[in-house]
Amino acid sequence: QKWAILTATKETLAENTEFKGKAGLLPENLERNEQLKNDIVNMGYTPIEVKGVYQNVYKGDSYLVYDIKLRDAFVLGAKYVQQSILIPEGLLYTEG
């Protein structure tokens, strides 16, 4: 089954703020993830909210999307400036 895990959280937005290390809680990232959720729905998919964790640190919400076309996942990852997105085969890189 095809699926992807997507987020719109940008770590760099939090670097010089009180949210450093907690980028997922930065208001701008919360808004970006809400926009991503709306984009997923508008493309005809159903997003399932999951907690984004990397090296045991909460990184903000992510969305698990089943039956998403690889191209659609790539487009969303690139739109929200994500280096990569997680798919069953591993990481799908949207940069370089």
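**Exercise 1. Decide whether Gly24 is buried or exposed in this predicted model, and find which residues it touches.**

Solution. The relative accessible area of Gly24 is 1%, and because buried means under 20%, Gly24 counts as buried. As for its place in the chain, Gly24 belongs to the loop between strand E1 (3-6) and helix H1 (27-42). Once residues up to four places away in sequence are set aside, the contacts of Gly24 are Thr9, Leu30, Lys59 and Gly60. A further pair is given by a C-alpha to C-alpha distance: Gly24 and Gly52 are 8.4 Å apart in space, with their positions 28 residues apart in sequence. The model, it should be kept in mind, is a predicted one.

**Exercise 2. Work out where Gln82 is found, and what its side chain and its contacts show.**

Solution. Start with the chain: Gln82 sits in the loop between helix H2 (70-79) and strand E4 (84-87). Next take the accessibility, which is 9% in relative terms, so that Gln82 counts as buried. A polar atom of the Gln82 side chain lies 3.0 Å from the backbone oxygen of Tyr80. Finally, leaving out residues up to four places away in sequence, Gln82 touches Thr7, Ala8, Thr9, Arg32, Gly77, Thr94 and Glu95.

**Exercise 3. Identify which residues of the largest nonpolar core touch the most other members, and which elements give two or more residues to this core.**

Solution. The largest nonpolar core has 15 residues, of which Leu6, Leu36, Ile40, Val65, Ile68 and Leu76 touch the most other members. Two or more residues of this core come from each of E1, H1, strand E3 (57-66), H2 and E4. In soluble globular proteins, nonpolar side chains tend to be buried together. Val65 can serve as an example: apart from neighbours within four places in sequence, Val65 is in contact with Lys2, Trp3, Ala4, Leu6, Ile40, Tyr45, Thr46 and Pro47.

**Exercise 4. Find the nonpolar patch on the surface and place Leu91 within its element.**

Solution. The patch is formed by Leu86, Leu91 and Tyr93, which together have about 290 Å² of accessible area. Of these residues, Leu91 lies in strand E5 (residues 90-93), and at 48% relative accessibility Leu91 counts as partly exposed.

**Exercise 5. State how many salt bridges there are, and trace which parts of the chain they link.**

Solution. The count comes to four salt bridges, and three of the pairs can be followed one by one.

- Step 1. Glu89 and Lys2 meet through their side chains at 2.9 Å, N to O. This pair links distant parts of the chain, 87 residues apart, with Glu89 in the loop between E4 and E5 and Lys2 in the segment before E1. Glu89 is exposed at 56% relative accessibility, whereas Lys2 is partly exposed at 45%.
- Step 2. Asp39 and Lys79 form a salt bridge whose closest N and O atoms are 2.8 Å apart. Here helix H1, holding Asp39, is linked to helix H2, holding Lys79, across 40 residues of sequence. Asp39 is buried, its relative accessible area being 17%.
- Step 3. Asp61 and Lys51 form a salt bridge at 3.2 Å, N to O. Because Asp61 lies in strand E3 and Lys51 in strand E2 (residues 47-54), the pair ties together parts ten residues apart in sequence. Asp61 is buried at 15% relative accessibility, while Lys51 is exposed at 55%. Through shared partners, salt bridges join Glu49, Lys51 and Asp61 into one network.

Note on methods
Residues are numbered from 1 along each chain as its sequence is written. This is a predicted model: local features need pLDDT of at least 70, side-chain atom pairs count only at pLDDT 80 or more; totals for chains, interfaces and linings use all residues. Side-chain values use heavy atoms; hydrogens and water are left out. Helices (H or I, at least four residues) and strands (E, at least two) are DSSP runs, numbered from the N terminus. Buried means under 20% relative accessible area, exposed over 50%, partly exposed in between (1.4 Å probe, protein chains only). A polar contact is a pair of N or O atoms within 3.5 Å; within protein, one must be able to donate a hydrogen and the other to accept it, and residues adjacent in sequence count only if both atoms are side-chain atoms. Contact means heavy atoms within 4.5 Å. Patches are made of residues with over 30% relative accessible area and no salt bridge: like charges are joined within 9 Å, nonpolar side chains (Val, Leu, Ile, Met, Phe, Trp, Tyr) within 5 Å. Accessible areas come from the Shrake-Rupley method with a 1.4 Å probe; for residues, only the protein chains shown count as cover. A nonpolar core is a set of buried Ala, Val, Leu, Ile, Met, Phe, Trp, Tyr and Cys residues joined through side-chain atoms within 4.5 Å.
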